[in-house]
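Visitor: Pick one part of this model and walk me through it closely, please. I'd like to see how the pieces fit together, down to single contacts where you can.

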Amino acid sequence: MVVAVLVLGRSVVFGHALESGDQAWPYHLRDELERVLGEEVTLEVRRLNPDGRDPTEYLRRMFEEVRPDVVNILPSPYDFATARVENRINELFGVRIGRMARWVEKRTTRPSTAGRAGRINRLSRRIAHRFIGARPDLTREQVERTFEAVYRFLAQQEDVTVVVRESPRPSSLVRQQNPKYVRILDEFNAEWKRKSLERHFFWSPAAEQSDDDYLRDGVHTTVSGQRTRALVLLPTMLEAIREHQRTREQGSPAIRTS
(Lines give C-alpha, C1' and ligand atoms only; values in the text may rest on other atoms or scores of the structure.)
Protein backbone atom coordinates (compact mmCIF):
# COMPACT_ATOMS: atom_id res chain seq x y z
CA MET A 1 0.00 0.00 0.00
CA VAL A 2 1.31 3.46 -0.92
CA VAL A 3 0.97 6.22 1.70
CA ALA A 4 0.73 9.79 0.35
CA VAL A 5 2.06 12.42 2.78
CA LEU A 6 1.62 16.16 2.25
CA VAL A 7 3.70 18.61 4.32
CA LEU A 8 2.60 22.25 4.43
CA GLY A 9 5.08 24.84 5.65
CA ARG A 10 7.54 27.61 4.98
CA SER A 11 11.29 27.85 4.37
CA VAL A 12 12.41 25.24 6.94
CA VAL A 13 10.49 22.40 5.26
CA PHE A 14 12.23 23.28 1.97
CA GLY A 15 15.69 23.08 3.56
CA HIS A 16 16.45 26.79 3.31
CA ALA A 17 20.22 27.50 3.33
CA LEU A 18 21.13 23.81 3.21
CA GLU A 19 23.13 22.34 0.36
CA SER A 20 20.11 20.43 -0.91
CA GLY A 21 16.39 20.63 -0.29
CA ASP A 22 16.21 16.90 0.35
CA GLN A 23 18.23 17.45 3.53
CA ALA A 24 15.11 19.00 5.09
CA TRP A 25 13.23 17.08 7.75
CA PRO A 26 10.28 15.92 5.56
CA TYR A 27 12.68 13.79 3.51
CA HIS A 28 14.34 12.33 6.59
CA LEU A 29 10.83 11.56 7.86
CA ARG A 30 9.81 9.88 4.61
CA ASP A 31 12.86 7.61 4.74
CA GLU A 32 12.15 6.64 8.35
CA LEU A 33 8.49 5.97 7.62
CA GLU A 34 9.37 3.67 4.73
CA ARG A 35 11.94 1.87 6.87
CA VAL A 36 9.50 1.24 9.73
CA LEU A 37 6.33 0.59 7.71
CA GLY A 38 7.97 -1.40 4.95
CA GLU A 39 5.73 0.45 2.50
CA GLU A 40 6.23 3.13 -0.12
CA VAL A 41 5.65 6.67 1.13
CA THR A 42 5.20 9.45 -1.41
CA LEU A 43 6.00 12.95 -0.24
CA GLU A 44 4.82 16.36 -1.40
CA VAL A 45 6.10 19.52 0.28
CA ARG A 46 4.07 22.64 -0.44
CA ARG A 47 4.21 26.23 0.73
CA LEU A 48 1.62 27.74 3.02
CA ASN A 49 1.93 31.44 3.85
CA PRO A 50 -0.19 32.65 6.82
CA ASP A 51 -0.77 36.10 5.33
CA GLY A 52 -4.41 36.57 6.29
CA ARG A 53 -5.86 35.57 2.94
CA ASP A 54 -8.29 32.68 2.64
CA PRO A 55 -6.28 29.68 1.34
CA THR A 56 -9.31 27.43 0.73
CA GLU A 57 -9.23 27.49 -3.07
CA TYR A 58 -5.44 27.08 -3.07
CA LEU A 59 -5.78 24.05 -0.81
CA ARG A 60 -8.63 22.58 -2.84
CA ARG A 61 -6.57 22.65 -6.03
CA MET A 62 -3.59 21.20 -4.18
CA PHE A 63 -5.61 18.33 -2.70
CA GLU A 64 -7.11 17.47 -6.08
CA GLU A 65 -3.57 17.19 -7.43
CA VAL A 66 -1.82 15.46 -4.53
CA ARG A 67 -4.68 13.39 -3.02
CA PRO A 68 -2.93 12.99 0.34
CA ASP A 69 -3.63 10.36 2.96
CA VAL A 70 -1.89 12.28 5.76
CA VAL A 71 -1.34 16.03 5.99
CA ASN A 72 1.24 17.65 8.23
CA ILE A 73 0.99 21.30 9.23
CA LEU A 74 2.69 23.74 11.63
CA PRO A 75 0.73 26.71 13.04
CA SER A 76 3.39 29.22 14.10
CA PRO A 77 3.40 32.69 15.68
CA TYR A 78 6.73 33.57 14.06
CA ASP A 79 5.37 36.21 11.66
CA PHE A 80 3.72 38.27 14.39
CA ALA A 81 6.05 37.42 17.29
CA THR A 82 9.25 38.61 15.61
CA ALA A 83 9.97 42.17 14.50
CA ARG A 84 12.26 43.52 11.78
CA VAL A 85 13.78 46.97 11.36
CA GLU A 86 13.10 46.79 7.61
CA ASN A 87 9.34 46.91 8.19
CA ARG A 88 9.62 50.08 10.25
CA ILE A 89 11.88 51.71 7.65
CA ASN A 90 9.36 50.85 4.93
CA GLU A 91 6.79 52.86 6.86
CA LEU A 92 9.08 55.82 7.42
CA PHE A 93 11.17 56.05 4.25
CA GLY A 94 9.68 53.73 1.60
CA VAL A 95 10.30 50.27 0.21
CA ARG A 96 13.55 51.07 -1.62
CA ILE A 97 15.31 52.19 1.54
CA GLY A 98 13.69 49.28 3.37
CA ARG A 99 15.31 46.81 0.98
CA MET A 100 18.71 48.31 1.73
CA ALA A 101 17.97 48.01 5.44
CA ARG A 102 17.00 44.38 4.96
CA TRP A 103 20.40 43.66 3.42
CA VAL A 104 22.13 45.30 6.39
CA GLU A 105 19.86 43.56 8.90
CA LYS A 106 20.59 40.14 7.44
CA ARG A 107 24.30 40.75 7.86
CA THR A 108 24.01 42.01 11.42
CA THR A 109 21.47 39.37 12.48
CA ARG A 110 23.97 36.54 12.29
CA PRO A 111 25.41 35.34 15.58
CA SER A 112 28.83 36.84 15.83
CA THR A 113 32.13 35.27 16.56
CA ALA A 114 34.42 36.91 19.06
CA GLY A 115 36.20 40.09 18.14
CA ARG A 116 35.55 43.49 16.60
CA ALA A 117 33.14 42.22 13.90
CA GLY A 118 30.95 40.62 16.53
CA ARG A 119 30.81 43.80 18.61
CA ILE A 120 29.89 45.85 15.53
CA ASN A 121 27.09 43.45 14.64
CA ARG A 122 25.54 43.56 18.09
CA LEU A 123 25.92 47.33 18.41
CA SER A 124 24.39 47.94 14.95
CA ARG A 125 21.29 45.96 15.81
CA ARG A 126 20.83 47.62 19.19
CA ILE A 127 21.10 51.08 17.66
CA ALA A 128 18.69 50.28 14.83
CA HIS A 129 16.07 48.76 17.12
CA ARG A 130 16.34 51.54 19.66
CA PHE A 131 16.27 54.59 17.41
CA ILE A 132 14.35 53.34 14.37
CA GLY A 133 12.20 50.59 15.84
CA ALA A 134 10.96 47.34 14.38
CA ARG A 135 7.64 45.85 13.37
CA PRO A 136 6.40 42.28 12.69
CA ASP A 137 5.66 41.15 9.15
CA LEU A 138 2.04 40.34 10.01
CA THR A 139 -0.51 40.80 12.77
CA ARG A 140 -1.74 38.00 14.99
CA GLU A 141 -5.19 38.40 13.43
CA GLN A 142 -3.79 37.82 9.93
CA VAL A 143 -1.86 34.71 10.93
CA GLU A 144 -4.71 33.14 12.88
CA ARG A 145 -7.24 33.97 10.16
CA THR A 146 -5.22 31.87 7.73
CA PHE A 147 -4.81 28.92 10.08
CA GLU A 148 -8.49 28.98 11.03
CA ALA A 149 -9.37 28.68 7.34
CA VAL A 150 -6.85 25.85 6.91
CA TYR A 151 -8.31 23.99 9.89
CA ARG A 152 -11.86 24.37 8.56
CA PHE A 153 -10.78 22.97 5.20
CA LEU A 154 -8.86 20.06 6.71
CA ALA A 155 -11.70 19.15 9.04
CA GLN A 156 -13.98 18.73 6.03
CA GLN A 157 -11.65 16.20 4.35
CA GLU A 158 -13.12 12.93 5.62
CA ASP A 159 -10.53 10.69 3.96
CA VAL A 160 -7.50 12.66 5.21
CA THR A 161 -5.69 12.30 8.55
CA VAL A 162 -4.13 15.47 9.95
CA VAL A 163 -0.99 15.76 12.08
CA VAL A 164 -0.19 19.13 13.62
CA ARG A 165 3.35 19.96 14.70
CA GLU A 166 3.90 22.05 17.80
CA SER A 167 5.83 25.23 17.02
CA PRO A 168 9.37 24.78 18.40
CA ARG A 169 11.27 26.93 20.86
CA PRO A 170 13.43 29.55 19.14
CA SER A 171 17.18 29.90 19.27
CA SER A 172 18.78 32.20 21.85
CA LEU A 173 19.35 34.74 19.05
CA VAL A 174 15.63 34.99 18.28
CA ARG A 175 14.82 35.16 22.00
CA GLN A 176 17.35 37.93 22.50
CA GLN A 177 15.95 40.00 19.63
CA ASN A 178 12.31 39.31 20.60
CA PRO A 179 12.06 39.10 24.41
CA LYS A 180 8.30 38.35 24.38
CA TYR A 181 8.60 35.47 21.91
CA VAL A 182 8.58 32.59 24.38
CA ARG A 183 5.51 33.90 26.21
CA ILE A 184 3.67 34.41 22.91
CA LEU A 185 4.78 30.97 21.71
CA ASP A 186 3.55 29.17 24.82
CA GLU A 187 0.14 30.87 24.61
CA PHE A 188 -0.11 30.18 20.89
CA ASN A 189 0.84 26.51 21.17
CA ALA A 190 -1.65 25.94 23.99
CA GLU A 191 -4.44 27.55 21.98
CA TRP A 192 -3.73 25.63 18.78
CA LYS A 193 -3.22 22.34 20.57
CA ARG A 194 -6.71 22.74 22.00
CA LYS A 195 -8.13 23.60 18.57
CA SER A 196 -6.33 20.64 17.01
CA LEU A 197 -7.58 18.09 19.53
CA GLU A 198 -11.12 19.47 19.30
CA ARG A 199 -11.05 18.58 15.60
CA HIS A 200 -9.52 15.15 16.31
CA PHE A 201 -6.23 16.08 14.66
CA PHE A 202 -3.07 14.38 15.88
CA TRP A 203 -0.72 16.65 17.85
CA SER A 204 3.05 16.16 17.81
CA PRO A 205 5.30 17.84 20.40
CA ALA A 206 8.19 19.96 19.16
CA ALA A 207 11.77 18.75 19.26
CA GLU A 208 13.98 20.07 22.04
CA GLN A 209 16.83 21.78 20.23
CA SER A 210 19.90 23.80 21.19
CA ASP A 211 21.64 26.65 19.39
CA ASP A 212 23.91 24.06 17.78
CA ASP A 213 20.90 22.82 15.81
CA TYR A 214 20.41 26.22 14.16
CA LEU A 215 22.21 27.89 11.29
CA ARG A 216 23.86 31.29 11.72
CA ASP A 217 20.58 33.15 11.18
CA GLY A 218 19.16 31.53 14.33
CA VAL A 219 15.94 30.60 12.50
CA HIS A 220 16.70 27.76 10.08
CA THR A 221 18.09 24.45 11.23
CA THR A 222 21.19 22.47 10.36
CA VAL A 223 21.00 19.04 8.76
CA SER A 224 21.31 17.40 12.18
CA GLY A 225 18.64 19.75 13.54
CA GLN A 226 16.35 18.82 10.65
CA ARG A 227 16.89 15.13 11.32
CA THR A 228 16.09 15.60 15.00
CA ARG A 229 12.75 17.17 14.05
CA ALA A 230 11.96 14.22 11.81
CA LEU A 231 12.74 11.66 14.52
CA VAL A 232 10.63 13.47 17.12
CA LEU A 233 7.70 13.63 14.69
CA LEU A 234 8.07 9.99 13.61
CA PRO A 235 6.03 8.25 16.40
CA THR A 236 3.03 10.54 15.90
CA MET A 237 3.17 10.13 12.12
CA LEU A 238 3.29 6.33 12.49
CA GLU A 239 0.30 6.41 14.80
CA ALA A 240 -1.61 8.66 12.37
CA ILE A 241 -0.81 6.51 9.34
CA ARG A 242 -1.83 3.30 11.09
CA GLU A 243 -5.07 4.90 12.27
CA HIS A 244 -5.70 6.13 8.72
CA GLN A 245 -5.17 2.63 7.33
CA ARG A 246 -7.49 1.06 9.93
CA THR A 247 -10.17 3.63 9.16
CA ARG A 248 -9.86 3.01 5.43
CA GLU A 249 -10.14 -0.76 5.90
CA GLN A 250 -13.26 -0.33 8.05
CA GLY A 251 -14.75 2.16 5.62
CA SER A 252 -15.66 4.65 8.36
CA PRO A 253 -14.21 8.16 8.01
CA ALA A 254 -12.95 10.00 11.06
CA ILE A 255 -15.46 12.24 12.86
CA ARG A 256 -14.29 15.84 12.98
CA THR A 257 -15.75 19.24 13.78
CA SER A 258 -15.25 22.08 11.33
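**A helix, its sheet and the core**

Guide: Let's start with helix α2, residues 56–66, which lies across β1, β2 and β3 and runs at about 160° to β2. Keep in mind that this is a predicted model. On another stretch of the chain, helix α10 (residues 223–250) lies across β1, β3, β6 (161–165) and β7, at about 165° to β7. So what are these helices lying on?

The sheet has five strands, it is open, and going across you meet β2, β1, β3, β6 and β7 in that order, with parallel pairing. β2 (41–47) and β7 (202–204) have a single partner strand each, so one side of each has no neighbour in the sheet and these two form the edges. On average, neighbouring strands are turned by 20° against each other, direction ignored. For the general background, strands of a sheet pair through backbone hydrogen bonds, in a parallel or an antiparallel way.

Zoom in on one pair: β1 (residues 3–9) and β3 (residues 70–73) are joined in the parallel sense by three bridges. Within that pair, L6 has V71 in β3 as its bridge partner. Both of those residues turn up again if you look at F63. Leaving out residues up to four places away in sequence, F63 touches L6, P68, V71, F153, L154, Q157 and V160.

That brings us to the largest nonpolar core, which has 30 residues; F63, I73 and L154 are the ones that touch the most other members. The elements that give two or more residues to this core are β1, α2, β3, α3 (78–81), α7 (140–155), β6 and α9 (181–198). The biggest contribution comes from α7, with seven residues. A second core lies apart from this one; it has 22 residues, including V13, L33, V41 and V163. As a rule for soluble globular proteins, nonpolar side chains tend to be buried together.

Two polar residues are worth a stop as well. S76 sits in the loop between β3 and α3. Its relative accessible area is 15%, and since buried means under 20%, S76 counts as buried. The S76 side chain reaches the backbone nitrogen of Y78 at 3.1 Å. Not counting residues up to four places away in sequence, S76 touches V143, F147, S167, Y181 and F188.

S167 is a handy link to the next stop, N189, which you'll find in helix α9. By the same yardstick N189 is buried too, because its relative accessible area is 7%. The N189 side chain reaches the backbone oxygen of S167 at 3.0 Å. Setting aside neighbours within four places in sequence, N189 is in contact with E166, S167 and W203.

Now zoom out to the whole chain, with its 10 helices and seven strands. Of the 258 residues, 47% are buried. Among contacts with a separation of 6 or more, 78% come from residues 24 or more positions apart. And if you care about the outside, the accessible surface comes to about 13,900 Å², with 49% of that belonging to carbon and sulfur atoms.

How values were computed. Residues are numbered from 1 along each chain as its sequence is written. This is a predicted model: local features need pLDDT of at least 70, side-chain atom pairs count only at pLDDT 80 or more; totals for chains, interfaces and linings use all residues. Side-chain values use heavy atoms; hydrogens and water are left out. Two strands pair if DSSP finds at least two bridges between them. Helices (H or I, at least four residues) and strands (E, at least two) are DSSP runs, numbered from the N terminus. Axes are lines fitted to C-alpha atoms, for helices over the stretch in contact, and angles run from 0 to 180 degrees between N-to-C directions. Contact means heavy atoms within 4.5 Å. A nonpolar core is a set of buried Ala, Val, Leu, Ile, Met, Phe, Trp, Tyr and Cys residues joined through side-chain atoms within 4.5 Å. Buried means under 20% relative accessible area, exposed over 50%, partly exposed in between (1.4 Å probe, protein chains only). Accessible areas come from the Shrake-Rupley method with a 1.4 Å probe; for residues, only the protein chains shown count as cover. A polar contact is a pair of N or O atoms within 3.5 Å; within protein, one must be able to donate a hydrogen and the other to accept it, and residues adjacent in sequence count only if both atoms are side-chain atoms.
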